[in-house]
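The following paragraphs lead the reader through a protein structure, beginning with an enclosed space and moving outward to the elements around it. Please keep the sequence and the coordinates at hand.

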Amino acid sequence: MNKNYFMIGIGMVFIVFTIFFVSAGCCEKTIDGFWCQDTTLDLCDTGFLSTTSCAQTTFCTSAGTCIDSAKGACTENSYKLECESGGGTWENKSKNDIAMCQEGCCIIGDSADLRTYVECKQLASDYEIEINFRGDIKNQNSCFDLSYVTEKGACVYEKDYVTNCEFITKEGCLQKQSVSSGEGGVISNLIGGESETVERATFHSGLLCTAPGLSDCAVSSKTTCEGDQVYFLDTCYQLANVYDSRMYTENENQWTKEMRDYWTYIKEPTCTVDGPDADCGACEFLGGTTCSAYRRGEQGMPSQKPLGDYVCKDLACYYDVDNDGTKEKYEHGESVCAESEGTYFHIPLVEERDENLRKDLEDITKYNLPGSRYYKLQCWNGEMKPQPCRSYRNEVCEETDLGSGYMMASCVVNDWRGCFEIANKEDCEDDVVDCKWIPGYRFDYENFKKRDYKDEQGSCVPLYAPGFDFWEPESDAHALCSINSLVQENVVYEQHFMGNRNKFKDTDTKDAAHRCLENCYAIPDYGKDLTVSFLEEFQLGSDKLPSGTLGDYSLSKREGYYCLKDRNEPDTVDNLKVGLEVGDEIQCAARNWLDVDRRRVKLFYTYDQWLNSVKQRAKSLGDCGVKDNFVETPGQDGSELITVIFQKLDQDLGVKENGTIETIWIGDKRIDGYRNIDGGLEEDLENIEPSWKYYEIEE
Amino acid sequence: MDKRGQVTIFIIIGIAIIAIGVLIYAFYPQIQSLIKPGSKNPAAFMQTCLEDEIEDTVEILSLQGGSVNPEHFILYDNEKVEYLCYTNEYYLTCVVQQPMLKSHIETEIENEIAEEIDICFEDLKDSYEKQGYDVSLTKGNTTVELLPEKIMTTLTNELALTRGDTERYETFRIVLNNNLYELIGIANSILSWESNYGEAEPLIYMGIYPYLEVEKIKQLDDTKVYILTNINTGDKFQFASRSLPFPPGY
């Protein structure tokens, strides 16, 4: 009896990851001028190289601290030679372990910031003032607080026989006194002022220039910006307290004691601001408001006019993130993930995700497309600014609602590389990793064929497909995308002895499926009209069809029956043989083969399931030039081909006759008319390596 | 056209020229001082003569990471932005490339304006000599200091002007209002984060310093261009860092 078998070999992109170490040594300085780089020796500046890596050298192994002794500046993670070449002193210690590098709060005038003692001393010297250094204060905010405790008040003096008043610090007033006595120094130059002749400067701590009896400065409705707040100005254009519309009126009869006090003493604001405000000047930058000139109708401005020219402006942003034509409001400091093309919009934080995310991301034609990139949009100071996450989708944007719709987004590392280390479904789909499980082939191509190993029969791939620079000739992507790219699957097909073995194209697909013995899912239309779960049960036990006979379906009952050819050899693939069909039974015993495992779990149960799995896995691995990119430019046609070859095989599976290579898939397009042993369909594709192979076996 | 008409036109042109001259003289003290340096303001002359050069230099190096001619840089927005922290290895944090940034910038400014200082002193000398002064000029040192809100250039050239009496000047200070000192302090902090952890968060700095805007723009090779801007003054400092880069692939 002639039995014609065909075997199918399939190929899809498979990626093997290799880390290339091209470094040949450590350059203390490269010819480009970079310091301490692991690179090839030809890029080293002469005399600056070592054949070991930087981590193993003495000059680059441990980053120390570079000290600018004259100015007291200390820089961490710098290296000896680069430091000394710039005139610094290098110590092989961390900044925290060097006494000279300890920072404290340096107060200069009414400003304060963290500095080293030497830096502070230098500044004080430059300004010709006494050093005010608080070594016990190491915290930035605590230090800033000191900048506002400087004693302020009204400085009253006479100039050109006229009494003047300035609202300044006590120190500034004292300097006026010293200037008046001829002791002026560089400070007057540094602060941009000019030496002036003043007499009898007197400092009135805690009082404003509008305090009764001090000067001719009077209350006014004028305002100005000072820091992020709105302040009243008096008629001498000196600062008064924070603007509060309740503290001023043109009607003299309406002035209360509280109002008069507000224009006499330095007082904390008595009003609060929550949004755009024309009545209160106590804006808070971090709270989302700041002082601004009033411009009616402009974004963030209050609706009513203020007394003066300045208001608390709302720093919120108005931006159409979701491209629906309507701008949404985002608070100052709020951030949100951008809806950039080809990415998945608004990924929630890990702990807030539901199953929909994974389900949605299965659509590999819609999300994480080549060229796409995640962006975070940051609202700051009334402007929505895009901040790109790492390129090649090495980062994705995740966001969370901090409450009341206040969103916070961040670029999070996409650890797609870690997915390939995982070999089981449970770990792969754990919430802590961004991976997904593709049932079917394993990366090591082990096929357990057992139900118990079902959760290990598959591949763990990135949930967010990474990008590769596959268009670069020297790119790693070529190796990543092409090594082990050929996935070969063999289908054993038995043909009736009356059939023409050279005319596979005349064979009905349904009949071919029915007569299939091994890996039948690679036959087009196999399992069509039946569900995977039904077929799984059918193969593993029930043998029951929904209706009719096996001939009504593209299905083989014989698939999944195995015998050991040699009873004394182990249960390996080489020792397996499909059982003999006797009536409705498959019997190993009829051939004296050992019936080791009559029913085994199949990798796939339908053609569509197999094809989708292979495509999902290949496309999830990364960008290899196959997929359409994010602006819908098609991938390379020749990159995603499924090609077949028919071969007649003899009883020992040796090739008896070769057929021609035929392409049956290009991208997502299926080409009919294959299964032809006599000639190919695609002459212009002859040079393409076959990825499927059909073999005909003669028994 | 008759002769009377021509005369009228010449008169009008003459009046216009005189008016323009008067306006320039009256409203541009800088021009005024260049034309006629007063006997008591050689310092003002030097300030006027040098401040544009200093300002231009500061602007250039502020956009180029602190160097007038960056050695290793990334082109961003047509500017050569110098790497102040760099690694060529994937998955490694960067090495600080300019550990004494403030000193480096001060030196860069000093070097860049050195020639202009000589020219200005020569101009000063010439102008006083033309006014009949006997001028003695001894070359001194130039130091540039970045200070809070200021850049102060101190010239210790000695100038003696003699016309009967002798006036001596030993120190010239040119002060430029600029926030480079503050911006470099922020840059150093960012570089510390970059070299230790591979990344710095702009929001932290913008929260602490309300006047500050920090932009971090990630490039294709994971280079980050940081742009620090004082939103009150518009002063800017930008630099590049490549730390903890991830490859396309492994």
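Helix 2 of chain A and strand 5 (142-147) of chain B each supply at least two residues of the lining of the largest cavity. The model is a predicted one. Helix 2 of chain A makes the largest contribution to this lining, with four residues. The lining as a whole draws on both chains: Asp68(A), Lys71(A), Ala73(A), Glu119(A), Gln122(A), Leu123(A) and Asp126(A) come from chain A, while Lys102(B), Glu145(B), Leu146(B), Leu147(B) and Tyr181(B) come from chain B. The space enclosed amounts to about 110 Å³. In the whole structure, a search finds four cavities of 30 Å³ or more. Rolling a probe the size of a water molecule over the atoms shows where empty space is left.

Helix 2 of chain A also takes part in a covalent link. Cys120(A), in helix 2 (residues 117-126) of chain A, is bonded through a disulfide to Cys106(A), with an S to S distance of 2.1 Å. Cys106(A) belongs to strand 7 (residues 103-108) of chain A, and the two cysteines are 14 residues apart. The angle about the S-S bond is 85°, and the link is right-handed. Both Cys106(A) and Cys120(A) are buried.

This bond is one of 19 disulfides found over all chains. Another joins Cys271(A) and Cys280(A), whose sulfur atoms lie 1.9 Å apart. The disulfide of Cys271(A) and Cys280(A) is right-handed because the torsion about its S-S bond is about 80°. Both of these residues, Cys271(A) and Cys280(A), are buried. What is the handedness of the disulfide between Cys283(A) and Cys312(A)? The torsion about the S-S bond of Cys283(A) and Cys312(A) is about -85°, and therefore this disulfide is left-handed. Cys283(A) sits in the loop between helix 6 (257-262) and strand 16 (289-293) of chain A, whereas Cys312(A) is in strand 17 (residues 310-314) of chain A, so the bond ties together parts that are 29 residues apart in sequence. The sulfur atoms of Cys283(A) and Cys312(A) are 2.0 Å apart, and both cysteines are buried. In chain B, with bonded cysteines counted along the chain, the disulfides follow the pattern 1-4, 2-3.

Tyr181(B), one of the residues lining the largest cavity, leads to helix 5 of chain B, where Tyr181(B) is among the buried residues. Helix 5 (residues 180-197) of chain B contains 18 residues and spans 25 Å from its first C-alpha to its last, close to the 26 Å expected at 1.5 Å a residue. The buried residues of this helix include Leu183(B), Ile186(B), Ile190(B) and Leu191(B), and also Glu182(B) and Glu194(B). Just after helix 5 of chain B comes Gly198(B), with a positive phi of about 90°.

The nonpolar interior can be considered next. The largest nonpolar core has 65 residues, and Leu228(B) and Phe237(B) have the most contacts inside it. Helix 4 (residues 101-130) of chain B provides the largest share of this core, nine residues. A second, separate core of 30 residues includes Val156(A), Leu239(A), Tyr262(A) and Ala282(A).

Finally, chain A contains an open sheet of three strands in the order 21-24-25, with mixed pairing. Strand 21 (347-348) and strand 25 (407-413) are the edge strands, each pairing on one side only. Strand 21 pairs with strand 24 (residues 395-401) of chain A in the parallel sense over two bridges, and Pro348(A) stands opposite Glu399(A) of strand 24.

Technical notes: Residues numbered from 1 in each chain as written. Chains lettered and ligands numbered in written order. Predicted model: local features only at pLDDT ≥ 70, side-chain atom pairs only at ≥ 80, totals over all residues. Heavy atoms only, no water. Pairing = 2+ DSSP bridges. Core = buried A, V, L, I, M, F, W, Y, C linked by side-chain atoms within 4.5 Å. Buried < 20%, exposed > 50% of the residue type's maximum accessible area, 1.4 Å probe, protein only. Expected span 1.5 Å × (residues − 1). Disulfide = S-S within 2.5 Å. 1 Å grid on protein atoms, 1.4 Å probe; cavity = no way out; pocket = protein on both sides within 12 Å on 5 of 7 lines; lining within 4 Å. Points joined across faces, edges and corners; volume = space filled by probe spheres on them.
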